[in-house]
Amino acid sequence: MKWPVKTPAIIYGGFMEQKYIESTLELMDFIQDSPSCYHVVSNAQAMLQDAGALCLDEKQSFKLEKGNCYFVTRNGSAIIAFRLPQKEATGFSIVAAHTDCPTFKLKAKPEITNGSPYTTLNVEAYGGMLMAPWFDRPLSIAGRAFVKGKSGPEARLVNFDKDLCQIVNLCIHQNREVNKGYEYNVQRDMLPIIGLGDDKVEINEMVADLLGIDVSEVLDTELFLYNRMNGSIWGVHDEFFSSPKIDDLQCAFSSLKAFITAEDSESSKIQMVALFDNEEVGSTTKQGADSDFLRQTVHRIGCALGFDFDKRCALQASSFMLSADNGHSMHPNYMQKCDPTNKPVINGGVMIKYAGNQKYTTDAYSASYLKSILTEAGIPYQMFFNNSSVTGGSTLGNISTSQFSIPTVDIGAAQLAMHSPYETAGTKDTLNLTEGMRAFYKV
């Protein structure tokens, strides 16, 4: 990570308060430095270590001391951090978000020529995305590789960090009907061009060159496309910003910042931030919200503190979680898609999300608990319901509570163009989220 922020806020027009500009710029730096879920966790780990957190290993016994901060990772793509209070713990205060975003994943042996002078890459869809905005943008490749090590496979982060490939549109003259609607076929339409000419392109060789090893040492890779466009603050009063991966790195970043800066709290709760992977594909992985990662970590903390089963159950019953994942702002061109009486807007404050079908966990108690905290802290909030005729998305809250059942409220920031490779949100809302989460940690 590169701190402080790279882009000086002075370049903006001065309409928006400086604190909001600085928070947004810091988020955009985090996103730019986090081109894959593995980079998100690596950067989260660096932030936590800079704040004094100690690394635990899932394969080793937890040895904990009151007042200290710890973190543990799983699969290199999920991380849980927690801070023990100086006094006797009375429960857990948890904020959960996710590290992954919809994108395209490279398959093995991805290079395709088929007699063409072009080399394209064989990809598959990861998560549900808006496909049309992926065309004609500078793309690169990032993820991780496993290489031969002295005691077995070793993981290495991979980021080519250059304009490397592009998914190129077919011109209007050869597809006159495209503006009347088109169903994209990933295997045919979404393959990025990476090379031209006689030079043979081999991704594994490129990975080996990047890592400074022989190609024979590359055992396997997990690589994804990512949008190379920088984030941008825009609008007459600098009220908007656009960036890749706002969903859900805005919430992931805010939860980390809130956790780190809440260390002066007098709370008797064990403060925790959990960043899961694979939310965009259902969370049913060993590092997802539907895994035992949170449940095991919580119970291991209780065991390390000498709590018996009854005490650990009491701690769970006294706990609370914020499931943090962005939601939809009212769209000015599609107002009919919005709920008639609950119309959240960008910069309207922390979004509290409800759903009668229980896709969101919020109920009257959990919402009231959070509303009282936000009101006391002076943090604005707004409510989100799906239009009853429009099926909404799900998130990790209700999945996580199937593993560790505690009162939970689903929150996020209002945004536009969700699951586009270049999304839009509000310049005020990163700080609103961070301050709201920090207030929650201090209770």
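**Group meeting talk: a walk through a predicted model**

Let me start at one residue: Arg438 sits in helix H10, which covers residues 429–441. Before going further, please keep in mind that this is a predicted model.

Which residues does Arg438 touch, leaving out those up to four places away in sequence? They are Ala258, Thr261 and Ala262. Now compare Arg438 with Ala425. The two are 13 residues apart in sequence, and their C-alpha atoms are 21 Å apart in space.

Next, helix H5, which runs over residues 246–261 and contains Asp248. The peptide bond between Asp247 and Asp248 is cis, with omega at about 10°.

Now the sheet that holds strand S12. Five strands make it up, so to speak, in the order S11-S12-S20-S19-S15. The sheet is open and its pairing is mixed. Which strands are at the edges? They are S11, residues 232–234, and S15, residues 327–328, and each of them pairs on one side only.

Let us take the pairs in turn. S11 and S12 are antiparallel and share 3 bridges. One bridge partner pair is Trp234 with Phe240 in S12. The two strands form a hairpin, with 5 residues between them. In the turn, Gly235 has a positive phi of about 105°.

On to the next pair. S12, residues 240–243, and S20, residues 423–426, run antiparallel and are joined by 4 bridges. Ser243 has Glu423 of S20 as its bridge partner, and Ser242 stands opposite Thr424 in S20.

Between strand S19, residues 414–416, and S20 there is a loop, and His419 lies in that loop. His419 has a positive phi of about 70°, although it is not a glycine. A second case of this kind is Asp161, which is not a glycine either and has a positive phi of about 50°. Where is Asp161? It is in the loop between strand S8, residues 152–159, and helix H3, residues 186–189.

His419 comes up again in the largest pocket. How much space lies in that pocket? About 540 Å³. The lining has 28 residues, and the closest to the pocket centre are Gly128, His328, Gly393, Met418 and His419. By type, the lining residues divide into 8 nonpolar, 15 polar and 5 charged. As background, rolling a probe the size of a water molecule over the atoms shows where empty space is left.

Now strand S4, residues 92–98. Is this strand mostly covered or mostly open? It is mostly covered: 7 of its 7 residues are buried. In a regular strand the side chains alternate between the two faces of the sheet. In S4, Phe92, Ile94, Ala96 and His98 point one way. Ser93, Val95 and Ala97 point the other way, and all of these residues, on either side, are buried.

What does S4 pair with? One partner is strand S13, residues 270–276, which runs parallel to S4 and is joined to it by 7 bridges. Phe92 has Ile270 of S13 as its bridge partner. Another partner is strand S14, residues 320–324, also parallel to S4, with 4 bridges. Here Val95 stands opposite Leu322.

S4 also helps to cover helix H7. This helix spans residues 309–317, and Arg312, Leu315 and Gln316 in it are buried. Why do we say that these residues line one face of the helix? Seen down the axis of H7, the buried residues fall within an arc of 100°, so they line one face. What covers them includes S4 and helix H6, residues 293–304. The face of H7 turned away from the buried side carries the exposed residues Asp310 and Ala317.

One last residue: Leu219, found in strand S10, residues 218–227. Its relative accessible area is 43%, so Leu219 counts as partly exposed; the range for that label lies between 20% and 50%. Leaving out residues up to four places away in sequence, Leu219 touches Phe146, Val147, Lys148 and Pro153. Leu219 and Leu256 are 37 residues apart along the chain, and their C-alpha atoms are separated by 33 Å.

That is the end of the walk.

How values were computed:
Residues are numbered from 1 along each chain as its sequence is written. This is a predicted model: local features need pLDDT of at least 70, side-chain atom pairs count only at pLDDT 80 or more; totals for chains, interfaces and linings use all residues. Side-chain values use heavy atoms; hydrogens and water are left out. On a 1 Å grid over the protein atoms alone, a cavity is a set of points where a 1.4 Å probe fits but cannot get out, and a pocket is an open set with protein on both sides within 12 Å along at least five of seven lines; lining residues have an atom within 4 Å of a point. Grid points are joined across faces, edges and corners, and a volume is the space filled by probe spheres set on the points. Ala, Val, Leu, Ile, Met, Phe, Trp, Tyr, Cys and Pro count as nonpolar, Asp, Glu, Lys and Arg as charged, and the others, Gly among them, as polar. Buried means under 20% relative accessible area, exposed over 50%, partly exposed in between (1.4 Å probe, protein chains only). The arc is that of the directions from the helix axis to the C-beta atoms. Contact means heavy atoms within 4.5 Å. Two strands pair if DSSP finds at least two bridges between them.
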